[in-house]
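Colleague: I am new to this structure. Please pick one part of it and take me through that part closely, with what surrounds it.

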Amino acid sequence: MTSLFDPYDLGALRLPNRIVMAPLTRNRAPDAIPTPLMAQYYAQRASAGLLISEATAITHQGQGYADVPGLYGTEQLDGWKRVTQAVHDEGGRIFCQLWHVGRVSHVDLQPGGQKPVAPSAIAARTKTYLIKDGVGSFVATSEPRALDAGELPGIVRDFRHAARNAVSAGFDGVEVHGANGYLLDQFLKTESNQRTDDYGGSIKNRARLLLEVMREVVEELGGARVGLRLSPVTPANDVGDKDPQQLFDYVMRQLGAMNLGYVHVIEGATGGPRDVDGRPFDYDALRRAWRDAGGKGAWMVNNGYDKAMAEKALAEGADLVAFGRPYIANPDLVERLRSGAPLNQVEKTTLYGGGAKGYTDYPAL
Ligand code: 8OZ
């Protein structure tokens, strides 16, 4: 039987174990530039089979929160080089999560104070995070404007360009953020996408932007260095779909031939219950749809896993398990899971923004 501590070959990368550090937003990159403190934080966690970076804006337009990092300016790339170097020096491997927030943003964070962009001009009933004079606060997102179809090829190119930047900054690969109610998820789902052109209406049309992005990024890096994160039923950031099973089964069938390194699925509500509205969702059917369509990469599961659940998931066909909150408080999570040592608990007040406190000061065993 496969154990969490067995290696996994992700393309040419040998992961020494099946434990993945999930992407975690921590708002500690002023001016979107990764800092030496961030390098220390990721390096402390380098014993994970794979680290996935916090969500990283592919363009200024793709940014939606204060002090999240970017991957489009020279100083940002230099900041990330320090991070990837520190992780590699500790013997780790790290992918960059590529992010466009779409409507989950605020005019104060957008270029020229413009409206955030979205598939349709429908505001998300959700909050974003601003920092003013060093003080953070959660504020309502701004009213978005609907993207013109003529702007979409530019966004696809922005993803591709960011993927190239990620590799030049030393990342081992990228994960496209298709989850949690951000731009690509907004296009996928009926509640946020009311377009009447080729990018709205049918499942095929709503999935078009995501699939165009995936094809371009795979063409740039080769499939083995590309993953995709999805959250079929999460209500995060006010998204919802009338038939998520059909929608995501279709997406999986289309992804099958792309030779992706992995598909990363958030099961249930992000950071919350695995059951949403008592509506059952068949994740095994998703995996089968992907495999039947030729998907050969890793099936990565996430959301509220502990060691026992993770071992069970591996026995039932998952290849990798991503841990989020446990990784915030336990830099040596691999060793703790191996030895059965107790886990440090997360301090909630230091999750978003700030410095070393609640970031790099969680003790290893
Ligand atoms: C928490 C706070 C801000 C952003 C996600 C990138 O949910 C995020 C995020 C999480 O994917």
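Modeller: What follows starts with a sheet, then turns to helices, one side chain and the cores.

This is a predicted model, so local features need pLDDT of at least 70 and side-chain atom pairs count only at pLDDT 80 or more, while totals for chains, interfaces and linings use all residues. Residues are numbered from 1 along each chain as its sequence is written, and side-chain values use heavy atoms, with hydrogens and water left out.

Start with the barrel. Eight strands close it in the order β3-β4-β5-β10-β11-β12-β13-β14, with parallel pairing. Helices (H or I, at least four residues) and strands (E, at least two) are DSSP runs, numbered from the N terminus. Two strands pair if DSSP finds at least two bridges between them. Neighbouring strands of the barrel sheet are turned by 25 degrees against each other on average, direction ignored. Axes here are lines fitted to C-alpha atoms, for helices over the stretch in contact, and angles run from 0 to 180 degrees between N-to-C directions.

Look at β3 and β14. Strand β3 (residues 19-21) pairs with β14 (residues 320-323) in the parallel sense, over three bridges. V20 has A322 of β14 as its bridge partner.

Now the helices. α6 lies across β10 (173-177) and β11 (226-230). Its direction is at about 155 degrees to β11.

α3 has 17 residues, which should span 24 Å at 1.5 Å a residue; the end C-alpha atoms are 25 Å apart, which agrees. The expected span is 1.5 Å times one less than the number of residues. Buried residues of α3 include L152, I155, F159 and R160. Buried means under 20% relative accessible area, exposed over 50%, partly exposed in between (1.4 Å probe, protein chains only). The buried residues of α3 pack against α2, β5, β10, α4 and α6. Contact means heavy atoms within 4.5 Å. After α3 comes G170, with a positive phi near 100 degrees.

α2 (residues 74-89) has 16 residues. Its first and last C-alpha atoms are 22 Å apart, close to the 22 Å expected. Among its buried residues are L77, W80, V83 and V87. Their cover includes α1 (36-44), β4 (50-57), β5 (94-99) and α3 (152-168). G91 follows α2 and has a positive phi, near 85 degrees.

Next, a single side chain. Q186 sits in helix α4 (residues 183-188). Q186 counts as buried because its relative accessibility is 0%. Its side chain reaches the backbone oxygen of V101 at 2.9 Å. A polar atom of the Q186 side chain also lies 3.2 Å from the backbone nitrogen of R103. Beyond four places in sequence, the contacts of Q186 include G102, V117, P119, N193 and V239.

Last, the cores. A nonpolar core is a set of buried Ala, Val, Leu, Ile, Met, Phe, Trp, Tyr and Cys residues joined through side-chain atoms within 4.5 Å. The largest has 91 residues, and Y42, L255 and L260 have the most contacts inside it. Helix α6 (residues 208-221) gives the most to this core, with eight residues. Leaving out residues up to four places away in sequence, L260 touches M214, V218, L255 and W290, among others. Another core lies apart from this one. It has 13 residues, including L10, L15, A22 and F95.

How values were computed:
Polar contact = N/O pair within 3.5 Å; in protein donor to acceptor, adjacent residues only side chain to side chain.
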